[in-house]
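Subject: A structure for you to explore

Hi there,

Here is the structure I promised to pass on to you. Have a look at it first, and then read on for what turned up.

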There are 2 protein chains.
Amino acid sequence: MVYTDLNTPIRTIMTPGPVEVDPRVLRVMSTPVIGQFDPEFLNIMNETMDLLKYVFQTNNQWAYPVDGTSRSGLEAMLCSVIEPGDKVLVPIFGRFGHLIYEIASRYHADVYTIEKEWGEVFDPEEIITAIKKINPKLVAIVHGETSTGRLQPLEELGKFCRENDILLVVDAVATLGGVDVKTDDWCLDAVIAGTQKCLSVPSGLAPLTYNDRIEKILLERKNIERGLSEGSINKRRIQSNYFDLSQIQDYWSPDRLNHHTEATSMLYALREGLRLVKEEGLKARFERHLLNEKALLAGLKALGVELFGDNRYKMPVVTCINIPDGINDESVRATLLHDFGIEIAGTFGPLKGQIWRVGTMGYSCSKKNILHFLGAFEAVLIKEGAQVNRGEGLQAALQVYDNIRGE
Amino acid sequence: MVYTDLNTPIRTIMTPGPVEVDPRVLRVMSTPVIGQFDPEFLNIMNETMDLLKYVFQTNNQWAYPVDGTSRSGLEAMLCSVIEPGDKVLVPIFGRFGHLIYEIASRYHADVYTIEKEWGEVFDPEEIITAIKKINPKLVAIVHGETSTGRLQPLEELGKFCRENDILLVVDAVATLGGVDVKTDDWCLDAVIAGTQKCLSVPSGLAPLTYNDRIEKILLERKNIERGLSEGSINKRRIQSNYFDLSQIQDYWSPDRLNHHTEATSMLYALREGLRLVKEEGLKARFERHLLNEKALLAGLKALGVELFGDNRYKMPVVTCINIPDGINDESVRATLLHDFGIEIAGTFGPLKGQIWRVGTMGYSCSKKNILHFLGAFEAVLIKEGAQVNRGEGLQAALQVYDNIRGE
């Protein structure tokens, strides 16, 4: 069979990731590669670490990507810190809490869970009460749960964990770069992110940061691989070699211990994506996400559809819509995709078929996209037989943007 | 600190990887992304699987990449097949044999090794003798050992393993796309490759293939993660979630079970790299690698430097040169890099400081690069005080190319 030139459609991507990639990021990916130990490449690695610290809002020494998709960073952090039998508390309020449970359990942690109905988040006191009962070594929790569109407050939890010498590991895959993630101020010991959401870089790297409390464990478990060192085996060594952060840290240190071959073009992309965040500034970037969310919500309300979940803890970058009675989830999404070139998402688990999820992340989070979506969404709902307030959605959204312009 | 536009030098990369990337591959990486469940993306996934089967020379049902660098594929395969206590035989003839040992050992295999002096390979009978003594569940071995530049013959070993119902897992990271890797003809049960070597795609994916003997084990150990399934835990489940090939296989199957978010731009790159291999044709591609190796060897011989290792088992895509007495490894490589813009490699372990390694892989394997290197290498050796036959190297290499043209 003959395969033609790559020839993909241009989509308006309004999912909770992967989202549209900034053209400047796409452009740097075409840069010819250089070797992983080329001095010029080492500069790029160092610059990327510095830029990550800005975005993570941290003074930690360590901030670098794991070479894999978002969940690779989560697994790297969990398996590097968890030893068999360690008590781990996982508060679950959606699919990705279950993923943390799954990973911790595969690495033989003694996992405890508390759960919330999908669509809600935890009152910090509920988690603190569980901590007092269980006394875990670490708490691992999702910040922005894309499966339900909820944002878990972390500040109070972080301060409690720090005061009680419990480690707090946070999955900020869906929030970093779109919503405040205050690593240091909130006392988060480790934070893991993804590239393909609010950073608007293609999927394939998992940036993370951690402090000296985590590093202490890594150094205790350190075991340089055979072929590079002939030392004896550390009985506490990290089970995975690829995800062994004690070795990956050395790769990112001035020692440049050979581990993997850094994913050159993806690192170029990450650096450019982070540079774009820094140029825009975190404050302005978060305000842009809030403004577009406001316009979207005004439009949806005027159109007459209902939102899902506890509105007080809504993620600004994900909006969940209850699918109206009698309307078919997949049919609406297929028409949006094939006729309008717009992708939105369904969801997983207990909510599958009940809600749509609209992402407004990174480069995808623009006035153009919000207005394009609202117009298309109204048309598709009408076509499918739903009752909506014709013409009202776009007017309400435009009014939000016009008011801002007039301020 | 302000970071400037990405501004990297153009290098002539003559290492055993990462090597220069074909401009067509670089170009497709700038393609805007689409969603991971977009029907158009599913086509791209299927096409990539088909192209991989061509390059792996296999009729296996399964051939897809793991999202990580080469060693992620190795770890995924080993941890998906190895269960604690399984006997694994690892014949070691360089650094990457040690890496296989390291990974198998971290996953609690009962690992047995046989070792060869660096620079040699195994007579298949030596491995077969060890197998008879140990009776392992699987043998895991490197095909092209870049740390020493040696190529291990596999055909006889493969046939013996198949006849005796032993699994054979092969690390072909450094050979796929540059040297024959006959997955089916040689009876290899699983083969793992990398992108940044003879495929001339940036680092970041690890293509692999496996047959139904391996798949049987995956299906027995299958355990769909929490959040997608509420089933009971399979006691034999694969330890790593990210590297769980039983789930990744479902992601690449028509079921499209959600696991990770496929690294979109890297997949575009891999597809284009594979398409280039298919357009050139495996036979012509291997001949190109042999011709350039021939010219390089003629040039080095005429120049008067010595090659390292057993010449009968030399990798065509890696040439190891003994560093002449009194000549400094790093000084030569630094001058090549900074003055001539050429990168070659040193090596690891017992041979560190004793040999240089010159890669002639994929897009880097060209007449232009060979001649550029030979001229620069002579100049640097003279500058560093080595005795060489001035002017002879390039003449000998040109003669090889001219003879071919005259044939």
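How much area is buried between chain A and chain B? In this predicted model, the answer is about 7500 Å², with carbon and sulfur atoms giving 53% of that area. On the chain A side, Tyr3(A), Arg106(A) and Arg226(A) supply 13% of what chain A buries against chain B, more than any other three residues.

Try colouring the contacts next. You should find 86 residues of chain A in contact with 86 residues of chain B. There are also 49 residue pairs in polar contact between the two chains. Several helices of chain A each bring at least two residues to the side that touches chain B, including helix 2 (39-56) and helix 9 (264-280). Helix 4 of chain A gives the most, with eight residues. By type, the residues on this side of chain A divide into 34 nonpolar, 29 polar and 23 charged.

Now for the salt bridges. The structure holds 60 of them over all chains, and 14 cross the interface of chain A and chain B. One that crosses is Glu102(A) with Arg237(B), where the closest N and O atoms are 3.6 Å apart.

A bridge inside chain A is a good one to zoom in on: Arg236(A) pairs with Glu83(A), with 2.7 Å between the closest N and O atoms. Arg236(A) sits in the loop between helix 7 (212-221) and helix 8 (245-252), and Glu83(A) in the loop between helix 3 and strand 3 (87-92), so this pair ties together parts that are 153 residues apart in sequence. Arg236(A) is partly exposed, at 34% relative accessible area, while Glu83(A) counts as buried at 14%.

For a contrast, look at helix 9 of chain B. Arg275(B) and Glu279(B) both lie in this helix, four residues apart, about one turn, and their side chains meet in a salt bridge (3.6 Å, N to O). Here Arg275(B) is buried, with a relative accessible area of 5%, and Glu279(B) is partly exposed at 48%.

Last, the nonpolar interior. The largest nonpolar core has 206 residues, and those touching the most other members are Met77, Tyr210 and Leu245 in chain A and again in chain B. To see one up close, pick Leu245(A): among the residues touching Leu245(A) are Tyr64(A), Met77(A), Tyr210(A) and Ile238(A). Another core, of 28 residues, lies apart from the largest one and includes Met14(A) and Trp356(A).

Enjoy exploring!

Note on methods: Residues numbered from 1 in each chain as written. Chains lettered and ligands numbered in written order. Predicted model: local features only at pLDDT ≥ 70, side-chain atom pairs only at ≥ 80, totals over all residues. Heavy atoms only, no water. Contact = heavy atoms within 4.5 Å. Buried area = accessible area lost by both parts, 1.4 Å probe. Salt bridge = Lys/Arg side-chain N within 4 Å of Asp/Glu carboxyl O. Polar contact = N/O pair within 3.5 Å; in protein donor to acceptor, adjacent residues only side chain to side chain. Nonpolar A, V, L, I, M, F, W, Y, C, P; charged D, E, K, R; others polar. Core = buried A, V, L, I, M, F, W, Y, C linked by side-chain atoms within 4.5 Å. Buried < 20%, exposed > 50% of the residue type's maximum accessible area, 1.4 Å probe, protein only. Lists of a residue's contacts leave out its neighbours within four places in sequence.
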